[in-house]
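Q: Got a minute to go through this one with me? I'd like to talk about side-chain contacts, salt bridges and helix packing.

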Amino acid sequence: MASTISFGVESPRGPRTVSVAYERTGSGEPLLLLHGIGHHRQAWDPVLPILAVERDVIAIDLPGFGASPQLPDGVPYDLTSVAPLLGTFCEELGLDRPHVAGNSLGGLLALELGREKLARSVTALSPAGFWSERERVYAFAALRAMRLAAESMPVPLIERLSRTAAGRTVLTSTIYARPGRRSPQAAASETLALRRATGFRQTLTAGRDVLFTDDVPGLPVTIAWGGRDRLLLRRQGIRAKHTVPGARLVRLPGCGHVPMNDDPALVARVILDTSR
């Protein structure tokens, strides 16, 4: 069951209050999980039981996604605002430099938290920010198409499609290599999460000029890429390795852009190996 925490942040317009929904389970060293744009914390459900055996796992809904309300006026959705906000979230929960794992947008945020020394290890799964301009335009067009489809389909149609493997392919094949493995409830829920994401447009706009160009020295970093990622093509992993030369680059065979559902055991092992 989700909990919600509210805390103050500074903005160009003065102090603001941000609220974040999260789920916490397990025991051990803290591990923060960050989802991608348009998704929600339930993206991590396939790996949570494995991770929770060894880690105190905190999966959050980023502001404007899932059960977290959008950011207040005056707080931008850019990297330099959201990463410190996550640092404050960790402080409020008493998390001392948690391990951080993120996917897509969450992977980019995880690397930024590592760069700012707010994490003790980083696992970035198909992180954003290592694209060429042509690749970024392609990815953003695909994301907009997914959002438009989610907004256009009546809810009964989404629910009906989610009940069959073919229908789940229609709903989620852009991000999963094996969409038929996603449960009907999960496929419908994440399509509705994309439809209702109040932070989607602002986050996409803020990401137009984002490139991650700095090293992340002094802590363990793994960058993992799905071999069947159709959204952020796997050659971007080579650029990520050049940018963060000390990182371990791992291929995830048979996995798409959101690999946690395609191969939960492999993804959990990669995260735990990094955090050890």
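**Contacts, bridges and packing**

A: Sure, starting with N261: leaving out residues up to four places away in sequence, N261 touches P46, Y176, R178, R181 and R182. Keep in mind that this is a predicted model.

Q: Where does N261 lie?

A: N261 is in helix α10, which covers residues 259–262.

Q: And is N261 buried or exposed?

A: N261 is buried, its relative accessible area being 9%.

Q: OK, salt bridges. How many does the structure hold?

A: The structure has 14 salt bridges.

Q: Let's take D61. Which residue does D61 form a salt bridge with?

A: D61 pairs with R41, and their closest N and O atoms are 2.5 Å apart. This pair links distant parts of the chain, with the two positions 20 residues apart in numbering: D61 sits in the loop between β4 (55–60) and α2 (79–92), and R41 in the loop between β3 and α1 (48–51).

Q: Is D61 buried or exposed?

A: D61 is buried, at 0% relative accessibility. Its partner R41 also counts as buried, at 10%, since the cut-off for buried is under 20% relative accessible area.

Q: What about E29, what does E29 form a salt bridge with?

A: E29 bridges to R120, with 3.9 Å between the closest N and O atoms. Here too the pair links distant parts of the chain: E29 belongs to strand β3 (residues 29–34), while R120 is in the loop between α3 (105–115) and β6 (121–125), and the two are 91 residues apart.

Q: How do E29 and R120 count for accessibility, then?

A: E29 is partly exposed, with a relative accessible area of 35%. R120 counts as partly exposed as well, at 24% relative accessibility.

Q: What about a bridge inside a helix? Say R136, which residue does the side chain of R136 meet?

A: R136 meets E133 in a salt bridge, at 2.7 Å from N to O. Both are in helix α4 (residues 133–152), and because they are three residues apart there, about one helical turn separates them. R136 is buried, at 10% relative accessibility.

Q: Which residues are linked in a network of salt bridges?

A: E112, R115, E116 and D214 are linked in such a network.

Q: While we're on α4, what about A141?

A: A141 lies in helix α4 and is partly exposed, at 41% relative accessibility. Measuring from C-alpha to C-alpha in the model, A141 and L108 are 19 Å apart in space, and they are 33 residues apart in sequence.

Q: Switching to helix packing. At what angle do α5 and α6 pack?

A: Helix α5 (residues 155–162) packs against α6 at about 125 degrees, and the axes are 6 Å apart. The two are therefore oblique to each other.

Q: Who makes the contact?

A: On the α5 side I158, L161 and S162, and on the α6 side G167, R168, V170 and L171. By class, the contact of α5 with α6 has four nonpolar, two polar and one charged residues.

Q: And α6 with α7, at what angle do those axes cross?

A: The axes of α6 (residues 165–172) and α7 (residues 184–196) cross at roughly 25 degrees and come within 10 Å. So α6 is roughly parallel to α7, as angles under 35 degrees count that way.

Q: Is that crossing left-handed or right-handed?

A: The crossing of α6 and α7 is left-handed. From α6, R168, L171 and T172 meet P184, A187, E190 and T191 of α7. That contact divides into three nonpolar, two polar and two charged residues.

Q: Last topic, backbone. What is phi of S104?

A: Phi of S104 is near 60 degrees, a positive value in a residue that is not glycine. Most residues other than glycine have a negative phi.

Q: Where is S104, and is it buried or exposed?

A: S104 is in the loop between β5 (99–103) and α3. S104 is buried, with a relative accessible area of 8%.

Q: What about the phi of S126?

A: S126 has a positive phi too, about 45 degrees, although S126 is not a glycine. S126 is in the loop between β6 and α4, and at 1% relative accessibility S126 counts as buried.

Terms used:
Residues numbered from 1 in each chain as written. Predicted model: local features only at pLDDT ≥ 70, side-chain atom pairs only at ≥ 80, totals over all residues. Heavy atoms only, no water. Salt bridge = Lys/Arg side-chain N within 4 Å of Asp/Glu carboxyl O. Helix = DSSP H or I, 4+ residues; strand = E, 2+ residues; numbered from the N terminus. Buried < 20%, exposed > 50% of the residue type's maximum accessible area, 1.4 Å probe, protein only. Axes fitted to C-alpha atoms, helices over the stretch in contact; angles between N-to-C directions. Parallel < 35°, antiparallel > 145°, perpendicular 65-115°, else oblique. Left-handed = near helix turned anticlockwise from the far one by under 90°. Contact = heavy atoms within 4.5 Å. Nonpolar A, V, L, I, M, F, W, Y, C, P; charged D, E, K, R; others polar.
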